[in-house]
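Biologist: Before we use any of the usual words for this model, I would like each one set against its definition. Could you take me through it in that way?

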Amino acid sequence: MTILSWNIQHGGGTRIARIVEEITAHDPDVIALTEFRTRPGEALSAALLDRGWPHVESTNPTGNQNGIAVLSRKPMRRTRQCPVSPENAVRWLDIDLPELGFGICVLHIMAAGRMEEVKTRFWDAVLGAAQARLNEPFLFIGDWNTGAHRVDESGKTFKCADHFVKLSAMGWTDLWRHHNPGNTEWTWFSKLRGGVRGNGFRLDHAFATPKLLGRVQGCCYSHVERDAGISDHSILIIEVT
């Protein structure tokens, strides 16, 4: 089965039709979307329903809030209470896939800026959940706005990079790094004045527990959608048996 994770950039807007076409071309079984917005998300969900993804869960963002949605060919259920503060609950979505035998937590971790303390508390919750779920078949996935210094970025700008590293130290596996050792790929680029491409960063991640790792057959990025301007993020694709 294929899992696709994608930050669709501010809900998709006028790009919804192109987003649907690109997702359909990858033909995933499970679709995890960050920066999902309810109003444009109605059209997006309806289009994907028509194409074979009837099961939908979301964090129900309001107005211009960037939330999360998961669409699946198979039934899914929400069984866990969100462990972060209510104002950031739209950034965390836990689902269980009973027919597939594992669970997924989709995360959209904030960029730091003036919210460094908020980001730190969010990451503390991630590590707490990671410790509690370590012995389950489980996957963390999404846009994390975090990575390892000088590995997932050229410099040393990430906030909470120490939290990111702790996740691997706890026993979770960075799936892209595991399947692409020694490689460097960026999933998002900063912009300079005039829209010129700036520095590259790997912000989009998937981590698996030991009990799920053996079922993961591949993990890769698709950059063509980002290069075409359909979103500012690359797509992350995971293959699970």
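Biologist: Which residue of S11 is the bridge partner of Asp174?

Modeller: The bridge partner of Asp174 in S11 is Phe207. This is a predicted model, in which local features need pLDDT of at least 70 and side-chain atom pairs count only at pLDDT 80 or more, while totals for chains, interfaces and linings use all residues. Residues are numbered from 1 along each chain as its sequence is written, and side-chain values use heavy atoms, with hydrogens and water left out.

Biologist: What makes S8 and S11 a pair?

Modeller: Two strands pair if DSSP finds at least two bridges between them, and two bridges join S8 to strand S11 (residues 204-208), with the strands running antiparallel. They belong to an open sheet of five strands, in the order S5-S6-S7-S11-S8, with mixed pairing. Strand S5 (92-97) and strand S8 (173-174) are called edge strands because each pairs on one side only.

Biologist: Which strands of the sheet does H3 touch?

Modeller: With contact meaning heavy atoms within 4.5 Å, H3 packs on the sheet by touching S5, strand S6 (102-108) and strand S7 (138-143).

Biologist: Why is H3 called roughly parallel to H4?

Modeller: The axes of helix H3 (residues 116-133) and helix H4 (residues 161-169) come within 10 Å and cross at roughly 5°. Angles under 35 degrees count as roughly parallel, over 145 as roughly antiparallel, 65 to 115 as roughly perpendicular and the rest as oblique, so H3 is roughly parallel to H4. Where they meet, Thr120, Trp123, Asp124, Leu127 and Ala130 in H3 face His163, Phe164, Lys166 and Leu167 in H4.

Biologist: How do you know that the buried residues of H1 lie on the same side?

Modeller: The buried residues (under 20% relative accessible area, where exposed is over 50% and partly exposed is in between, with a 1.4 Å probe and protein chains only) of helix H1 (residues 16-26) are Ile16, Ile19, Val20 and Ile23. They cover an arc of only 100° around the axis, which puts them on the same side of H1. The face turned away from that buried side carries the exposed residues Ala17 and Ala25. Among the elements covering the buried residues of H1 are strand S1 (2-7), strand S2 (30-36) and helix H2 (38-50).

Biologist: Why is Gln81 called exposed?

Modeller: Gln81, found in the loop between strand S4 (67-72) and S5, has a relative accessible area of 72%, and is therefore exposed.

Methods: Axes fitted to C-alpha atoms, helices over the stretch in contact; angles between N-to-C directions. Helix = DSSP H or I, 4+ residues; strand = E, 2+ residues; numbered from the N terminus. Arc of directions from axis to C-beta.
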